[in-house]
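Thanks for coming. I will take the empty spaces first, then a patch on the surface, and finish with the overall build.

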Amino acid sequence: MAEPTLEQLREQIDGLDEQLQGLLNKRAELAQKVADVKIATDGDAVFYRPEREAQVLRQVKARNTGPLDAETIARLFREIMSACLALEQRLKVAFLGPEGTFTQQAALKHFGHAVETISLAAIDDVFREVASGAAHYGVVPVENSTEGVINHTLDSFMESPLKICGEVDLRIHHHLMLSEHTQLDKITRIYSHQQTLAQCRKWLDTNMPRVERIAVSSNAQAARRLKDEWNAAAIAGDIAADLYDLKILHRNIEDTPDNTTRFIIIGHEEVPPSGEDKSSLLVRMKNRPGALYHVLKPFKDAGVDLTRVESRPSRSGNWSYVFFIDFEGHRDDENVQAVLAALEREALDVRLLGSYPRAVL
Ligand SMILES: C=C(O[C@@H]1C=C(C(=O)O)C=C[C@H]1O)C(=O)O
């Protein structure tokens, strides 16, 4: 049999597109019905269900046979769910701005593009916007694989009742960029966020040792500043380069190639188990010898895997320490409950910041 012609193949694609479109709208109708059920069962209906979304995405990946790879198809379903959820309720998501930051990229990766994103100037502001109800959820960075923990976010939890309801990992690439006015041989300063400057330290030491490094509030802010300057460069990501129309001179100048930032989603609700969950905990201990040992022993006894431990001096008393701990499992799991009960006996204060689905994308 002869190979199909271009016209025939395109006809087949048109036919499939029509079916897909019909199916997508049927799916959307079901989501609208789900909204009615949620409203009928609860006056304060919560429409966004992270545990269900994680399960849908995991199923999509598990049953995928290609040729599209599992990540790609999951990203497409991410957008389909985002659009379906927007028919139930268009989510307002606050993030650490300005427009063009990695945090915005993380927010869109997690929620899809059918949400309204609200750019705020500081991590505290994101917490406040969600606490007041002006935004449904917030996205803030929490940890970077080269520079470690982002203290501001951890500190905000000490004063906030909000809960963690999700996590996002983002591969971070930094580029050196110039504006159309920049004169390459006259560059005397480089703008970027302090974390970014630190992540590109070796590259800068080697390639631009005499140029002054100036820390500003975000990478996007650094990019924005270039507009009116002829003797400066900035380090930021792709989105910022696009947004502020800058020219990328050197790509991927970060010192470690697997540079990843972890973000968390903050909200009001506790998330039911999804089957593959993580939890974050804040424990305040008296600063006695072996405090860390007493915090960690219950995890070993119950066979619960830790994924991160951070300690910070508590601001509420000179003689106490706060530990931020991430671990595998959900608050409803028996072994996690055993850990919490044991910690209650040891610690001055134990607060579960949230149990949430392990990132799928
Ligand atoms: C349809 C639902 O509501 C939302 C939309 C989802 C979807 O499109 O699959 C999944 C979870 C919720 O965020 C649901 O809860 O099942």
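Please keep in mind that this is a predicted model. Searching the whole structure gives three cavities of 30 Å³ or more. The largest cavity has a volume of about 210 Å³. It is lined by 18 residues, and those closest to its centre are Leu 57, His 110, Glu 167, Ala 359 and Val 360.

Which elements supply the lining of this cavity? At least two residues each come from helix H2, residues 50-62, from H4, and from strand E5, residues 163-171. E5 gives the most, with five residues. Sorted by class, the lining of the largest cavity has ten nonpolar, two polar and six charged residues.

Now the open spaces. The largest pocket holds about 670 Å³ of space. Its lining consists of 34 residues, and nearest the centre of the pocket lie Leu 96, Pro 141, His 193, Gln 195 and Ser 217.

Several elements each supply at least two residues of that lining. The helices are H4 at 102-111, H6 at 151-158, H7 at 194-199, H9 at 219-225 and H10 at 238-243. The strands are E3 at 137-144 and E11 at 260-267. Which of these has the largest share of the pocket lining? That is H7, with five residues.

H4 therefore deserves a second look on the slide, because it appears in both lists: it supplies at least two residues to the lining of the largest cavity, and at least two to the lining of the largest pocket. By class, the lining of the largest pocket has 14 nonpolar, 19 polar and one charged residues.

Next, the surface. Leu 292, Leu 306 and Val 309 make up a nonpolar patch there, and together they have about 210 Å² of accessible area. Leu 292 sits in helix H11, which covers residues 291-302. Is Leu 292 buried or exposed? Neither: its relative accessibility is 39%, so Leu 292 counts as partly exposed.

Last, the overall build. The protein chain has twelve helices and 15 strands. Its C-alpha atoms fill a box of roughly 80 × 65 × 40 Å along the principal axes. The protein chain has 361 residues, and 46% of them count as buried.

That is what I have; I am happy to go back to any of these places on the model.

Notes. Residues are numbered from 1 along each chain as its sequence is written. This is a predicted model: local features need pLDDT of at least 70, side-chain atom pairs count only at pLDDT 80 or more; totals for chains, interfaces and linings use all residues. Side-chain values use heavy atoms; hydrogens and water are left out. Patches are made of residues with over 30% relative accessible area and no salt bridge: like charges are joined within 9 Å, nonpolar side chains (Val, Leu, Ile, Met, Phe, Trp, Tyr) within 5 Å. Accessible areas come from the Shrake-Rupley method with a 1.4 Å probe; for residues, only the protein chains shown count as cover. A salt bridge is a side-chain nitrogen of Lys or Arg within 4 Å of a carboxyl oxygen of Asp or Glu. Helices (H or I, at least four residues) and strands (E, at least two) are DSSP runs, numbered from the N terminus. Buried means under 20% relative accessible area, exposed over 50%, partly exposed in between (1.4 Å probe, protein chains only). On a 1 Å grid over the protein atoms alone, a cavity is a set of points where a 1.4 Å probe fits but cannot get out, and a pocket is an open set with protein on both sides within 12 Å along at least five of seven lines; lining residues have an atom within 4 Å of a point. Grid points are joined across faces, edges and corners, and a volume is the space filled by probe spheres set on the points. Ala, Val, Leu, Ile, Met, Phe, Trp, Tyr, Cys and Pro count as nonpolar, Asp, Glu, Lys and Arg as charged, and the others, Gly among them, as polar.
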